[in-house]
Amino acid sequence: MNGIDVATLDFKDIRWEFGVYQCVSTESGRNKQYSSWIGVRTPMGEIKETVWYQLAEALIRRKGANNSCWDISSNGSQNTTTQTILLIR
């Protein structure tokens, strides 16, 4: 979350537009290695998916969302955060 000012974020800033998958390769020839980068396209740009979940949880806590519609502390599942964001919109 480096470089992102969480104090000024709003839900519209992290709205999930679509998922992003990028294949990343390093080196060449026999030593070529592949990895992937999984992210989310938002109005503020592409960010890693794990960072998006952290931002969503921080924003929910900061905005003081109603505890009756979510419980992030119970299991910390990503689905809980996603469902919360959809409920708050």
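Are W52 and Y53 buried or exposed? Both residues are buried, where buried means under 20% relative accessible area, exposed over 50%, and partly exposed in between (1.4 Å probe, protein chains only). The tour returns to this pair after an overview.

**Before starting**

This is a predicted model, in which local features need pLDDT of at least 70 and side-chain atom pairs count only at pLDDT 80 or more, while totals for chains, interfaces and linings use all residues. Residues are numbered from 1 along each chain as its sequence is written, and side-chain values use heavy atoms, with hydrogens and water left out.

**Stop 1: the whole chain**

Display the protein chain as a cartoon. It contains three helices and three strands, and from the N terminus on the elements run β-β-β-α-α-α. Helices (H or I, at least four residues) and strands (E, at least two) are DSSP runs, numbered from the N terminus. Of the 89 residues, 28% count as buried. Among contacts between residues at least 6 apart in sequence, 52% join residues at least 24 apart; contact means heavy atoms within 4.5 Å.

**Stop 2: the sheet**

Select the three strands. They form an open sheet in the order β1-β2-β3, with antiparallel pairing. Strands β1 and β3 stand at the edges with a single partner strand each, so one side of each is left without a neighbour in the sheet. Neighbouring strands are turned by 40° against each other on average, direction ignored; the axes behind such angles are lines fitted to C-alpha atoms, for helices over the stretch in contact, and angles in general run from 0 to 180 degrees between N-to-C directions.

Next, select residues 33-42 (β2) and 45-48 (β3), which pair in the antiparallel sense over four bridges. Two strands pair if DSSP finds at least two bridges between them. A hairpin of two residues joins β2 to β3. Two bridge partners can be picked out here: T42 with G45 in β3, and R41 with E46 in β3.

**Stop 3: Q22 and E27**

Select Q22 in strand β1. Because its relative accessibility is 35%, Q22 counts as partly exposed. Leaving out residues up to four places away in sequence, Q22 touches S35, S36, W37 and E46. Q22 and S36 are 14 residues apart in sequence, yet 5.6 Å apart in space, C-alpha to C-alpha. The side chains of Q22 and E46 are joined by a polar contact of 3.3 Å. A polar contact is a pair of N or O atoms within 3.5 Å; within protein, one must be able to donate a hydrogen and the other to accept it, and residues adjacent in sequence count only if both atoms are side-chain atoms.

Then move to E27, in the loop between β1 and β2. E27 is exposed, with a relative accessible area of 54%. Although not a glycine, E27 has a positive phi of about 60°.

**Stop 4: V40 and the core**

Select V40 in strand β2, which is buried with a relative accessible area of 0%. Outside the four places on either side in sequence, V40 touches W16, F18, V20, G45, E46, I47, E49 and W52. V40 and F18 are 22 residues apart in sequence and 6.0 Å apart in space, C-alpha to C-alpha.

Extend the selection to the largest nonpolar core, which has twelve residues: L9, F11, I14, V40, I47, V51, W52, Y53, L55, A56, L59 and I60. Helix α1 (residues 49-63) gives the most to this core, with seven residues. A nonpolar core is a set of buried Ala, Val, Leu, Ile, Met, Phe, Trp, Tyr and Cys residues joined through side-chain atoms within 4.5 Å. Helix α1 lies across β2 and β3, running at about 95° to β3.

**Stop 5: the aromatic rings**

How many aromatic pairs does a search of the whole structure find? The search finds three. Show W52 and Y53 as sticks: their pair is edge-to-face, 5.2 Å centre to centre, with 85° between the planes. Rings of Phe, Tyr and Trp (its six-membered ring) pair if their centres lie within 6.5 Å; planes under 30 degrees apart count as stacked, over 60 as edge-to-face and the rest as tilted. Add W16 to the selection, since ring pairs link W16, W52 and Y53 into a cluster.

**Stop 6: D13**

Finish at D13, in the segment before β1 (18-26). A polar atom of the D13 side chain lies 2.8 Å from the backbone nitrogen of D10. The D13 side chain also makes a polar contact with the side chain of K12 (3.4 Å). Leaving aside neighbours within four places in sequence, D13 is in contact with T8, T42, P43 and M44.
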